[in-house]
Structures are given as structure tokens and as C-alpha cells.
Amino acid sequence: NGLKKHLLEIEKNMDVCRREHATEIEMFQLRFEEKDIELEKSLEKCKGFALEIEQLQVAAQEANSELDGLKVSYVACNDKLADVSEQNANNEALVAQFKDAHEAAEDM
């Protein structure tokens, strides 16, 4: 019986505390709900950032593929330029030979 009386007194004190602190509890709950809303907004922003990052990664991969293609083209152009330069040197040598032969023929 003494324990029951003690428990009732504790419950009565808890009710008094709840009433006295009801406004504080409500304000805490409101702040908690506000923080929860802020957290959800932040989460949505993070999802948006994640999507942007994925899009940037795809764009970067496409740019890298394009760059690889340009590198292949650059190497091919350099090879072609080397061939043309070699052919040009050969042509200049032939022209010099032709001039020498022409001058020798005129001297005869």
C-alpha cells in the first residue's frame, strides 16, 4: 500500500512537471519538426547534387572518349605530316638532281 501511494505521488509529480513544462516540450517538438523538415530539404539537395555529379561524370567520360579520338587523329596527322615531309625532301632532292642534269646538259 505504501508503494502504491509512492507511485501515485510520483505520477502526480510527473503530471505537474508535464503541465509546467508543456510549453517547453511543445517548443522542443516544434524545433524537432523544423529540424526534421530542414533535414529532409538537405537530403533532397544532396540527391540533386548526386544527380548533378552523375551527369558530370557522364560528361567527363564522353569528353575523355572524345579526347582519346582526338589523340588518335593527332597521331595520324603527325604520321601523315612525317610522310609528306619525307616526300617533300625527296622531291627537293629530285628537283636538285634535275637542275644539275639540266645545267650539265646545257653545258654540253
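This report describes the charged pairs, the cysteines and some positions along the helices of a predicted model.

**Salt bridges**

Side chains of opposite charge can pair when their charged atoms come close. In this model, a search of the whole structure turns up three salt bridges, and the table gives the partners of each with the separation of their closest N and O atoms.

| Acidic residue | Basic residue | Closest N and O atoms |
|---|---|---|
| Asp15 | Arg18 | 2.9 Å |
| Glu38 | Lys35 | 3.8 Å |
| Glu44 | Lys47 | 3.6 Å |

The pair formed by Asp15 and Arg18 belongs to helix 1, which covers residues 2-20, and its two members stand three residues apart, or about one turn of the helix. Asp15 is partly exposed, at a relative accessible area of 32%, and Arg18 is likewise partly exposed, with a value of 44%.

In helix 2, which covers residues 22-107, Glu38 and Lys35 are separated by about one helical turn because they are three residues apart. Their closest N and O atoms lie 3.8 Å from each other, a separation that counts as a salt bridge because the cut-off for such a contact is 4 Å. Glu38 is partly exposed, with a relative accessible area of 43%, whereas Lys35, at 52% relative accessibility, counts as exposed; the label for Lys35 follows because exposed means over 50%.

Helix 2 also holds Glu44 and Lys47, again three residues apart and about one turn of the helix from each other. For Glu44 the relative accessibility is 49%, which places this residue in the partly exposed class, and for Lys47 the value is also 49%, with partly exposed as the label.

**A patch of negative charge**

Which residues gather in a patch of negative charge on the surface? They are Glu33, Glu34, Asp36 and Glu40. Of these, Glu33 has its place in helix 2 and is partly exposed, with a relative accessible area of 45%. Membership of such a patch requires over 30% relative accessible area and no salt bridge, so the 45% of Glu33 satisfies the accessibility part of that condition.

**Cysteines**

A disulfide is a covalent bond between the sulfur atoms of two cysteines. How many disulfides does the model contain? The count comes to zero, which means that no pair of cysteine sulfur atoms was found within 2.5 Å. As for the surroundings of individual cysteines, Cys46 is partly exposed, at a relative accessible area of 46%, while Cys77, at 53% relative accessibility, counts as exposed.

**Positions along helix 2**

Two alanines give a sense of distances along the chain. Ala76 is placed in helix 2 and, at 44% relative accessibility, counts as partly exposed. Between Ala76 and Gln61, which are 15 residues apart along the chain, the C-alpha atoms are separated by 23 Å. Ala82 is also found in helix 2, and its relative accessibility of 45% makes Ala82 partly exposed. From Ala82 to Asn64 the separation is 18 residues in sequence and 27 Å in space, taken from C-alpha to C-alpha.

Conventions: Residues are numbered from 1 along each chain as its sequence is written. This is a predicted model: local features need pLDDT of at least 70, side-chain atom pairs count only at pLDDT 80 or more; totals for chains, interfaces and linings use all residues. Side-chain values use heavy atoms; hydrogens and water are left out. Buried means under 20% relative accessible area, exposed over 50%, partly exposed in between (1.4 Å probe, protein chains only). A salt bridge is a side-chain nitrogen of Lys or Arg within 4 Å of a carboxyl oxygen of Asp or Glu. Helices (H or I, at least four residues) and strands (E, at least two) are DSSP runs, numbered from the N terminus. Patches are made of residues with over 30% relative accessible area and no salt bridge: like charges are joined within 9 Å, nonpolar side chains (Val, Leu, Ile, Met, Phe, Trp, Tyr) within 5 Å. Accessible areas come from the Shrake-Rupley method with a 1.4 Å probe; for residues, only the protein chains shown count as cover. Lys and Arg count as positive and Asp and Glu as negative; His and the chain ends are not counted. The place of a charge is taken as NZ of Lys, CZ of Arg, CG of Asp or CD of Glu.
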